Amino acid sequence: MRTRGTLRLATRGSTLARRQASLVKEALEDRRYEVELVTVETTGDQIEDELIHQLGKTGAFVRELDERVLEGDLDGAIHSMKDMPTEQPDELVTAAVPERGRPGDVLVTPDGTTLEELPDGATVGTSSLRRRAQLLSERPDLEVEPLRGNVDTRLEKLLAPALQEEHQQRSEADKERKGNTGNEDFEAEYDRTVDEWFDDLSELERQALGREVETEYDAIVLAHAGLERSGLEHYVDYQELPRSTFVPAPGQGALAVTARDGETARDIQTLIDHPRSRVETTAERTILAELGGGCIAPVGIYAVVQGEYVHATVSVFDSDGEESVTGSRDLPIENHAEAAREFARDLADRGAADLIDAAREDGGDVSEEDTPAGK
């Protein structure tokens, strides 16, 4: 190993990105490395008012970080793997894939309503073309509306209408209570005053209470790993969506540390690489690369190691979830990358390539990072 110095690793500045980077930092520090996180603003972070799939380029949240590494300013960069382009510069490698977090999606509602229980025509928020297609495939009656922002912001947008309505009702009840002081026959609608109710709200709920409501969402869909890593999992009601039908994005839930090919990259790999997570995400990204989807189509790819095989599931949709090509295959673990390419070629021949070509013509460039502008 090289002489140890402080590893300087790039991260985006969003709350979630910094939380995820801290996981990598702590893992390296547990192995007696000194680590400094350096915040780098990306193109995606600078665009506040566009949906992710309208940013116009793959890797809008990745390129600037890796450029700093290639220029020698920093030792490495920490990414959400699902935001990484499948093609990288030759001199850049994925030094480590730490143990993967929860790979699936969750449906979050104000009251714990499940996808099946949502009323006809319910409004569901997501910025992901994949999630939109999968939702409409399962529930064509839904109104799927754009939703952007970090995890906190998205949850606030979901919770705001009901909280604001309750605040209004409690405020009016307080006025009525004060107007009936001394009236022994008066029965208050609420046991607590509006101030007592407010004091018991979480910080997330308080922020939602002050948010301007543009669209009233009945539910929103988020990455489970993002919700968990944001520290907000215990403050909301959610349903884990089945991975068989809501096949996750390639690399969802996984982090990646990129570095210049060399000793530093090898050291990082030795210290924090998780072989099983690397195999699974390699299979997913190989299938995506072979399909030619990049980040431009509603594509779900999920692989999991099962004994001597990597079980891979793929779903490719049109934008409205009406047409799809799906399939599953057990890939031999000893040659999982080549087997993944063969699987992808078979899917392409079955019509997946046509769906992806149609998505490319529609200009559907999409990244699924949960915090494009997330601070």
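Glycine 112 is partly exposed: its relative accessible area is 34%. That value falls between the 20% cut-off for buried and the 50% cut-off for exposed. The model is predicted. Three places are picked out below: this glycine, a buried glutamine and a pair of packed helices, H10 and H11.

**Glycine 112**
- Glycine 112 sits in a loop. Strand E5 (105-109) lies on one side of that loop in sequence, and strand E6 (123-125) on the other.
- Setting aside neighbours within four places in sequence, glycine 112 has contacts with Glu117 and Asp237.
- Alanine 219 is 107 residues away from glycine 112 along the chain. The C-alpha atoms of the two are nevertheless separated by 9.5 Å.

**Glutamine 134**
- Glutamine 134 belongs to helix H4, which covers residues 129-138.
- Its relative accessibility is 1%, so glutamine 134 counts as buried. The cut-off for buried is under 20%.
- Residues up to four places away in sequence are not counted here. Beyond them, glutamine 134 touches Asp105, Thr245, Phe246, Val247, Ser315 and Phe317.

**Helices H10 and H11**
- Two packed helices are described by an angle and a distance, both taken between their axes.
- Helix H10 spans residues 275-291, and helix H11 spans residues 336-361. The angle at which they pack is about 40°, and their axes are 8 Å apart.
- H10 and H11 are therefore oblique to each other. An angle under 35 degrees would count as roughly parallel.
- The two helices, H10 and H11, make a right-handed crossing.
- From H10, the residues that meet H11 are Val279, Thr282, Ala283, Thr286, Ile287, Glu290 and Leu291.
- On the H11 side, the partners are His336, Ala337, Ala340, Arg341, Phe343, Ala344, Arg345, Leu347, Ala348, Ala352 and Ile356.
- Sorted by class, the contact of H10 with H11 holds twelve nonpolar, three polar and three charged residues.

**The chain as a whole**
- The protein chain has eleven helices and 13 strands.
- It contains 375 residues, and 53% of them are buried.
- Take the contacts in the protein chain with a separation of 6 or more: 73% of them join residues 24 or more positions apart.
- The protein chain exposes about 17200 Å². Carbon and sulfur atoms supply 40% of that area.

How values were computed: Residues numbered from 1 in each chain as written. Predicted model: local features only at pLDDT ≥ 70, side-chain atom pairs only at ≥ 80, totals over all residues. Heavy atoms only, no water. Helix = DSSP H or I, 4+ residues; strand = E, 2+ residues; numbered from the N terminus. Buried < 20%, exposed > 50% of the residue type's maximum accessible area, 1.4 Å probe, protein only. Contact = heavy atoms within 4.5 Å. Axes fitted to C-alpha atoms, helices over the stretch in contact; angles between N-to-C directions. Parallel < 35°, antiparallel > 145°, perpendicular 65-115°, else oblique. Left-handed = near helix turned anticlockwise from the far one by under 90°. Nonpolar A, V, L, I, M, F, W, Y, C, P; charged D, E, K, R; others polar. Areas by Shrake-Rupley, 256 points an atom, 1.4 Å probe, with all protein chains shown as cover.
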